[in-house]
Amino acid sequence: MSATQKLEKATLLFKDGKIIEVGTAVTVPKNATIIDGTGKTIYPSFIDIFSEFGIDKPQPKTGGRGRSNEYDIEAEGYYWNEHVKPQYNAYENLKYDTKSAGSLREIGFGTVVSHHNDGVVAGTGLLWTLNDTDSNAKRILKYKSFPTPKLR
């Protein structure tokens, strides 16, 4: 196989979580689990583990100077420091961007871990695929990835 080679109606054989054979004449073992991928495309890709892809950005307050809060946080129960946001969940603030997804795929990425890149403790991110044809319900592989502390 090469990076530019395309196989139609091929078989991808896994063993112990690793690809052991790819081709159009692969012998499938009798005890193998078969997943029908008819109409699907499989391609190798990188995972971007620190991305802001699809995350709505916070809007800073306008006007004013000094050391006041940058964002309006008036909800009860929030931490006194507006840059500590453990309550933030990326999956609640998503917008899939087909154009940006295409740009990422062009350079070899197929999956991203999206984070809210704002704050010292910025809540949770999520793992999702760059799939233009499905909804977020199918794109999202893990709704809550690890917390995203920032070192500045």
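1. Start with the pocket lining. In this predicted model, strand β1 gives the most residues to the lining of the largest pocket, with five. β1 spans 11-15. Two other strands, β2 (18-23) and β4 (109-114), also give two or more residues to that lining.

2. Next, the pocket as a whole. The largest pocket holds about 2200 Å³ of space. Its lining takes in 46 residues. Nearest the centre of the pocket lie L12, K40, T41, I42 and Y43.

3. The make-up of the lining is mixed. Nonpolar residues number 21. There are 15 polar residues and 10 charged ones.

4. Now the surface. F14, I19 and V22 make a nonpolar patch. The area of this patch is about 280 Å².

5. Which strand holds V22? V22 sits in β2, one of the strands that give two or more residues to the pocket lining. Is V22 buried, partly exposed or exposed? V22 is partly exposed, because its relative accessible area is 37% and the class runs between the under 20% of buried and the over 50% of exposed.

6. A32 deserves its own point. A32 lies in the loop between β2 and β3, and β3 covers 46-51. The relative accessibility of A32 is 28%, so A32 counts as partly exposed.

7. Finally, a distance. A32 and F14 are 18 residues apart along the chain. Their C-alpha atoms are separated by 9.1 Å. F14 is also one of the residues of the nonpolar patch, with I19 and V22.

Notes. Residues numbered from 1 in each chain as written. Predicted model: local features only at pLDDT ≥ 70, side-chain atom pairs only at ≥ 80, totals over all residues. Heavy atoms only, no water. 1 Å grid on protein atoms, 1.4 Å probe; cavity = no way out; pocket = protein on both sides within 12 Å on 5 of 7 lines; lining within 4 Å. Points joined across faces, edges and corners; volume = space filled by probe spheres on them. Helix = DSSP H or I, 4+ residues; strand = E, 2+ residues; numbered from the N terminus. Nonpolar A, V, L, I, M, F, W, Y, C, P; charged D, E, K, R; others polar. Patch = residues over 30% accessible without salt bridge, like charges linked within 9 Å, V, L, I, M, F, W, Y side chains within 5 Å. Areas by Shrake-Rupley, 256 points an atom, 1.4 Å probe, with all protein chains shown as cover. Salt bridge = Lys/Arg side-chain N within 4 Å of Asp/Glu carboxyl O. Buried < 20%, exposed > 50% of the residue type's maximum accessible area, 1.4 Å probe, protein only.
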